[in-house]
Amino acid sequence: MPYPQLAPAQAIALPVPSQDVRNQMLALDRTEANHVDAIAKLACMNRVEAPPAPHLARLQFPFTTVAWNVERCHVLEPSAALLAEQKADLVLLSEMDNGMSRTGQRHTTREVAAHLDMAYAYGVEFLELELGTGVMLPYCKDPQNDKGFHGNAILARTALQMPTMLRLPDQLFWFNPQAKAARVGTRCAIMAVIATEQGPLCAVSVHLENLGDTAHRARQVEAILDAIEETYGEMPVILGGDLNTGLANGGDFEKEELFELARQRSYVRHSGEIDQMTTRPSRFSQNPQGLRFKLDWFLTRGVRVGQSSIIPSLGPDNEVLSDHDMIRIEIEGLE
């Protein structure tokens, strides 16, 4: 689909479409043409929020990187505390609400970044036009969303340079007559350059499509890798997030075409022990069968990776903070 490709950054908060505008979009026929037009007209879908930050020091090796699908960041303070325990210098987050009733209208990325004293870049994956699906409604305190933003973010203990967003290839998964969720948007990747003592490094926070097949997710990864090369050249890369691997194959992530595509382009995958899954039942994602999947990965190029591990998404008293566990890698240096 001909969505805008690379969205630039702005220092101020993303503009919020009025409730009238959101109601107009809710009433649209769910066609490809209407979806493309809606995204093009929404400034919030075509910018990255990246306030200036005084974090100018270059990252020193070794440093820790984590990636986490925080499932809307419903439990903010314990989630921020778990992130703080990792002492990470680079944090890649997905499913971060901003102005959603179900999460108290909070700008979860900005608040987590403040807890961790980090710079951040945030982009909108979906503009949610309603409160959400049935399981979320009990958590909604207000009858409307202040903003309706849901997206991905990069946090770093240094300045984020050249932040941008890539809107990924889509097949009208979320804007069609059968879709249960009323939303405008597509999956996306947030990208930025961070300075290290050995040179610049490209960081990418990714959320791939769960409704697509392996070929579709491979096309999304190909688009990301192409954009990295076109925008950031040959610099080393740490890409991480929820790749939704194996969902279309009964949990067999090895059938995902994206891994071979990445390998051919000199990327190496990491996600703790290969047989350790990264999902768990949660308040929003009930799974009575108890099935678990390995959805979360890092893909790296040009960096030396030490220990790779999976951090249970559990807070005090074993409270489940997300349906995804956190993944973590130690970056020892550039190759």
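Which residue of β16 does threonine 64 stand opposite? Select threonine 64 and look across: the partner is glutamate 330 in β16.

Before you click on, note that this is a predicted model, where local features need pLDDT of at least 70, side-chain atom pairs count only at pLDDT 80 or more, and totals for chains, interfaces and linings use all residues. Residues are numbered from 1 along each chain as its sequence is written, and side-chain values use heavy atoms, with hydrogens and water left out.

Now select β16, residues 326-334 (strands are DSSP runs of E, at least two residues, and helices runs of H or I, at least four, numbered from the N terminus). Eight of its nine residues are buried (under 20% relative accessible area, 1.4 Å probe, protein chains only), so the rest of the structure largely encloses the strand. β4 pairs with β16 in the antiparallel sense over five bridges (pairing takes at least two DSSP bridges). Add β15, residues 303-311: seven bridges join β15 to β16, again antiparallel, and arginine 304 stands opposite glycine 333.

Next stop, helix α4, residues 108-116. Colour its buried residues: Thr108, Thr109, Val112, Ala113 and Leu116. They sit on the same side of α4, because they span an arc of only 130 degrees around the axis (taken from the directions from the helix axis to the C-beta atoms). Their cover includes β4, α3, β5, β6 and β7. Just after α4 comes aspartate 117, with a positive phi near 55 degrees.

Last, pick cysteine 44, which is buried at 1% relative accessibility. Its closest cysteine sulfur, in cysteine 188, is 12 Å away, too far for a bond (a disulfide needs sulfurs within 2.5 Å). Cysteine 188 is buried too, at 0%.

Conventions: Buried means under 20% relative accessible area, exposed over 50%, partly exposed in between (1.4 Å probe, protein chains only). Contact means heavy atoms within 4.5 Å.
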